[in-house]
Amino acid sequence: MGQNVAVLGTQWGDEGKGKIVDLLCESFDVVARYQGGHNAGHTVKFGDKHFALRLIPSGILHANKLCLLGYGMVIDPAALLEEIEKLRALGVTIESNLKISDSAHVILPYHKALDIAREEAAGTAKIGTTGRGIGPAYESKVGRYGIRVADLLDAEVLRAKIEFTCAERNAVLGSVYKKETFDPKQLFEMYVAFGQQLADRITSGTLLINEQIRAGRSVMFEGAQGTMLDIDHGTYPFVTSSNTVVGGICTGLGVAPKHIHKVIGVVKAYTTRVGAGAFPTELENEMGEHLRRRGNEFGTVTGRPRRTGWLDLAVLRTCAMLNGVDEIAITKLDVLDELDEIPVCVGYKVRGATWNTFPAFAVAHHDYEPEYRTFKGWKTSTAGITSYDDLPPQAKDYVQFIEEQTETKASIISTGPRREETILR
Ligand code: GDP
Ligand code: IMO
Ligand code: MG
């Protein structure tokens, strides 16, 4: 039997999943995404190479890895084709190693337009989405009028579905939001052409991955976003529209739980979040600016500055519980190198009660009174360190505390963006 491992985000995304997936890739045969879309931006760096992946699993950068876009995803075909071209231009081979689930849902231009129009209309109550149409596309899916990848291959079905859904979306875009509407005929022609361009890659993803598992191949499940952005378990409504937690693998790929053998949670050594919503340990001061600058905390997809703050153990405990995290990969430890002191949130008071996990009901920032334990900084460079023994004692204390509090082992500690800059334990 192959060993199948999930790599997922433990915070609000951008934990460094791309780096960790790439690092571990060698031991796997298949890398599959199970949720999300091109709201994700996964960075991989090695040597002098730099890649930013959005829809395509990070495994694509390795020869002979089968990469699958699972049916729990929402796929914008234009974005996918663009990503394929960009990667090819960088010398990446994309042939039969990239497959797309036939029952994944498709993002259409009206989804994107609605996403943007709603955010505009919401004003200060906006979610701060990536504006890629993710939410409206999942809405179409759950509303049972979505268009699936397989529909791109059946012109008559596609025409009828686009005509029906476009008319309704146009009414909302035009009357409610006073925005431009879309011509269903044009959309049909565009999407039929996308179908032709992608036809060879479209397959039953569920059968494919289960055949691979049965044949003893090892699968890595690449999470997008993070646990606190999960539609059910995250900081609703400031979340994304998919299940980012481990259960999303079962529903988004058609893989039974018994085939998920290990869960690796990727933990940034501090916390970031893009978009609105509660962030109890946020630093809206010079220190927050320092973390943003040193950590280069600007969105891979949108270039937006990320909000920054201290590590939050209540978030990590929640994540460990929801996902059954076996091991953690701590990233960006080097970003903390210059600090005199490093506070870590150990829990909070929420409306007078003490919480060691993240209460799902509390949305507003002011609901939280974090309680901190402060660690001494190590004030020396850890950048590029590859051996645990070489870490300064204060950094080891920091790592050990995270391990204790999450009841997991930090099997990977990342000390720089590049593949080489990693401690494997
Ligand atoms: P993902 O969405 O979880 O894959 O994370 P992103 O790629 O969006 O953001 C993580 C950022 O941190 C990227 O720019 C990475 O190159 C960078 N990064 C990852 N690990 C480390 C690390 O250990 N140290 C530093 N300094 N940067 C890192
Ligand atoms: P990766 O995979 C960080 C956030 C958005 C917004 C909320 C909803 O790179 O970690 P959406 O466009 O999904 O409807 O936006 O979710 N968000 C992310 N934040 N990393 C991501 O992906 C994200 N994908 C979505 O900023 O707050
Ligand atoms: Mg990212």
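**Ligand 2**

I started with G41 and found one of its polar backbone atoms 2.9 Å from an oxygen atom of ligand 2. I kept in mind throughout that this is a predicted model. Next I looked at side chains: an N or O atom of K17 sits 2.7 Å from an oxygen atom of ligand 2. For T240, the corresponding side-chain distance to an oxygen atom of ligand 2 is 2.6 Å. I then checked how much of the ligand is hidden, and the protein covers 97% of the 550 Å² of accessible area that ligand 2 has on its own.

Which residues come nearest to ligand 2? I noted K17, H42, T130, Q225 and T240, out of 20 residues around it. Sorting this shell by class gave me seven nonpolar, 10 polar and three charged residues.

**The magnesium ion**

G41 turned up again when I moved to ligand 3, the magnesium ion. Its protein donors are D14, through OD, and G41, through O, at 2.0 to 2.1 Å. I traced where the two come from: D14 is in the loop between β1 (5-9) and α1 (17-24), while G41 is in the loop between β2 (30-33) and β3 (42-46), so the pair ties together parts that are 27 residues apart in sequence.

Are these two donors buried or exposed? D14 has 22% relative accessibility and counts as partly exposed. G41, at 11%, counts as buried. The cut-off for buried is under 20%, so D14 falls outside that class with its 22%.

**Ligand 1**

D14 led me on to ligand 1, since an N or O atom in the D14 side chain lies 2.9 Å from an oxygen atom of this ligand. I found two backbone approaches as well. A backbone N or O atom of G18 is 2.8 Å from an oxygen atom of ligand 1, and a polar backbone atom of G416 is 3.1 Å from one. The protein covers 94% of the 580 Å² of accessible area that ligand 1 has on its own.

I listed the surroundings too: 18 residues surround ligand 1, and the closest are K17, G18, T43, D334 and S414. K17 is also among the residues that come nearest to ligand 2.

**S414, K19 and T422**

I followed S414 from the ligand 1 list. S414 is in strand β19 (residues 409-414) and is buried, with a relative accessible area of 2%. Which side chain does S414 join in a polar contact? I found K19, at 3.0 Å. Beyond its sequence neighbours, S414 is in contact with residues including I330, L333, D334 and T422.

T422 was the next stop, in strand β20 (residues 422-424). T422 is buried as well, at 8% relative accessible area. Its side chain makes a polar contact with the side chain of K19, at 3.0 Å. So far, then, I have K19 paired with S414 and with T422. Among the other residues that T422 touches are L23, I385, I412 and T415.

**Helix α10**

I then went through α10 (residues 313-323). How many of its 11 residues are buried? I counted nine, so the helix is largely enclosed by the rest of the structure. The buried residues are L313, A314, V315, L316, R317, T318, C319, A320 and N323. They pack against β1, β11 (262-268), β14 (311-312), β16 (341-350) and α11 (393-406).

I looked at both ends. At the start of α10, a side-chain oxygen of D312 reaches to within 2.9 Å of the backbone nitrogen of A314. The helix is followed by G324, whose phi is positive, near 55°.

**Helix α4**

For α4 (residues 134-142), I wrote down I134, G135, P136, A137, Y138 and S140 as the buried residues. Their cover includes β6 (74-75), β8 (105-106) and α3 (109-122). R144 follows this helix and has a positive phi, near 70°.

**E289**

My last entry is E289, which lies in helix α9 (residues 286-294). E289 is partly exposed, at 31% relative accessibility. I found its side chain in a polar contact of 2.8 Å with the side chain of R292. I also noted R307, which is 18 residues from E289 in sequence and 8.9 Å away in space, C-alpha to C-alpha.

Note on methods
Residues numbered from 1 in each chain as written. Chains lettered and ligands numbered in written order. Predicted model: local features only at pLDDT ≥ 70, side-chain atom pairs only at ≥ 80, totals over all residues. Heavy atoms only, no water. Donors = N, O, S within 2.8 Å, 3.2 Å for Na, K, Ca; no water. Helix = DSSP H or I, 4+ residues; strand = E, 2+ residues; numbered from the N terminus. Buried < 20%, exposed > 50% of the residue type's maximum accessible area, 1.4 Å probe, protein only. Near = heavy atom within 4 Å. Polar contact = N/O pair within 3.5 Å; in protein donor to acceptor, adjacent residues only side chain to side chain. Areas by Shrake-Rupley, 256 points an atom, 1.4 Å probe, with all protein chains shown as cover. Nonpolar A, V, L, I, M, F, W, Y, C, P; charged D, E, K, R; others polar. Contact = heavy atoms within 4.5 Å. Lists of a residue's contacts leave out its neighbours within four places in sequence.
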